[in-house]
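Here's a quick tour of a protein with a ligand bound to it. Have a look at the model below, and then we'll walk through it starting from the ligand.

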Amino acid sequence: MTIILYDLAGGQDQRFSGPCWRTRFALAHKGLAFETRPVRFTQIPGIAGGGQKTVPVLDDGGRIIGDSWAIATYLEETYPKTPSLFGGAQGRAYALFINNWMNVIGPLMLKVILLDLYARLDPADQSYFRESREKRFGKTLEAHAAEPMETRVAVLRAVVEPARAVLREQPFLSGAAPLYPDYLLAGYFMWARSMSPEKVLAEDDPLYAWFQRMLDLFGGMARKAPHEW
Ligand SMILES: N[C@@H](CCC(=O)N[C@@H](CS)C(=O)NCC(=O)O)C(=O)O
């Protein structure tokens, strides 16, 4: 039975969620056939019988798994004969570190793209997004993104320096070929690329060249997705 990925969608059906992109890359890496089902923020509670608070959510023949890390480990354990996402126990530990590093990058990326993202959401999602995020930030979306764009982009570019340093040495975060750590970071750049015209990476940045390689994987799967830059 084909695996179903519940995937966050914007107003023009942009599939913009970083965590959903991680899962999409992971499924492609493993060569597993899957279909996506677009969902809006406000539809998440209704996914697969209810109880889900976030996407991605995977339905693998009736087995429902939420949370991108849980999905990655599920896929790794359930499909051991397909290409490994982690490359063994040490690789899994490295991937878990990168998974948690994403919690530092995510809020900084969001500050850069926040108002563009809001404008591109399905209108049915906009009031939910505004209300939930303003509660989280303790201020309006506009106040949260009030610093000059230059400053916000500079902060983001500085925080990804550890990845840049690795990519000066090797083509992918995981070495000669991509593994889950690459999908984690590329997922967040897909978030930006899908929903904001702001070029979060300079073209002479080693991360930019790496991201181009990520866009080319799996027959250009990510490159073909709706994008702003
Ligand atoms: N830890 C979760 C986080 C996923 C997550 O934050 N998803 C966001 C979309 S990118 C979401 O579904 N948010 C629901 C909401 O804000 O109501 C994972 O890695 O899957």
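Which of the 14 residues around the ligand come nearest? Keep in mind that what you're looking at is a predicted model. In it, the nearest ones are Val55, Asp67, Ser68, Tyr128 and Arg133.

**Around the ligand**

Three of these names come back when we turn to polar side-chain atoms and the ligand's oxygen atoms. Here are the distances for Ser68, Tyr128 and Arg133.

| Residue | Side-chain atom | Ligand atom | Distance |
|---|---|---|---|
| Ser68 | polar atom | oxygen | 2.5 Å |
| Tyr128 | N or O atom | oxygen | 2.3 Å |
| Arg133 | polar atom | oxygen | 2.8 Å |

How much of the ligand does the protein bury? On its own the ligand would expose 510 Å², and 76% of that is buried by the protein. As for where it sits, the ligand is in the largest pocket. Two elements, α1 (18–29) and α4 (123–137), each give two or more residues to the shell around the ligand. By residue type, that shell splits into seven nonpolar, three polar and four charged residues.

**The chain as a whole**

Zooming out, the protein chain has nine helices and four strands. Read from the N terminus, the order of its elements is β-α-β-β-β-α-α-α-α-α-α-α-α. So how compact is the chain for its 229 residues? Its radius of gyration is 17 Å, close to the 17 Å from the globule rule for 229 residues, so the chain is as compact as a globular protein of that length. If you'd like a feel for the dimensions, the C-alpha trace spans about 50 × 45 × 30 Å along its principal axes.

**Two backbone details**

Val55 was one of the residues that come nearest the ligand, and its backbone deserves a look too. Val55 and Pro56 are joined by a cis peptide bond, with omega at about 10 degrees. Where does Pro56 sit? You'll find Pro56 in the loop between β2 (34–39) and β3 (57–60).

The other detail is at Asp13, which isn't a glycine but still has a positive phi, at about 65 degrees. Asp13 belongs to the loop between β1 (3–8) and α1. That helix, α1 (18–29), is one of the elements giving two or more residues to the shell around the ligand, which brings us back to where we started.

Technical notes. Residues are numbered from 1 along each chain as its sequence is written. This is a predicted model: local features need pLDDT of at least 70, side-chain atom pairs count only at pLDDT 80 or more; totals for chains, interfaces and linings use all residues. Side-chain values use heavy atoms; hydrogens and water are left out. A residue is near a molecule or strand if one of its heavy atoms lies within 4 Å of it. A polar contact is a pair of N or O atoms within 3.5 Å; within protein, one must be able to donate a hydrogen and the other to accept it, and residues adjacent in sequence count only if both atoms are side-chain atoms. Accessible areas come from the Shrake-Rupley method with a 1.4 Å probe; for residues, only the protein chains shown count as cover. On a 1 Å grid over the protein atoms alone, a cavity is a set of points where a 1.4 Å probe fits but cannot get out, and a pocket is an open set with protein on both sides within 12 Å along at least five of seven lines; lining residues have an atom within 4 Å of a point. A molecule sits in a cavity or pocket if more than half of its atoms lie within 2 Å of its grid points. Ala, Val, Leu, Ile, Met, Phe, Trp, Tyr, Cys and Pro count as nonpolar, Asp, Glu, Lys and Arg as charged, and the others, Gly among them, as polar. The radius of gyration is taken over C-alpha atoms; the globule rule is 2.2 Å times the number of residues to the power 0.38.
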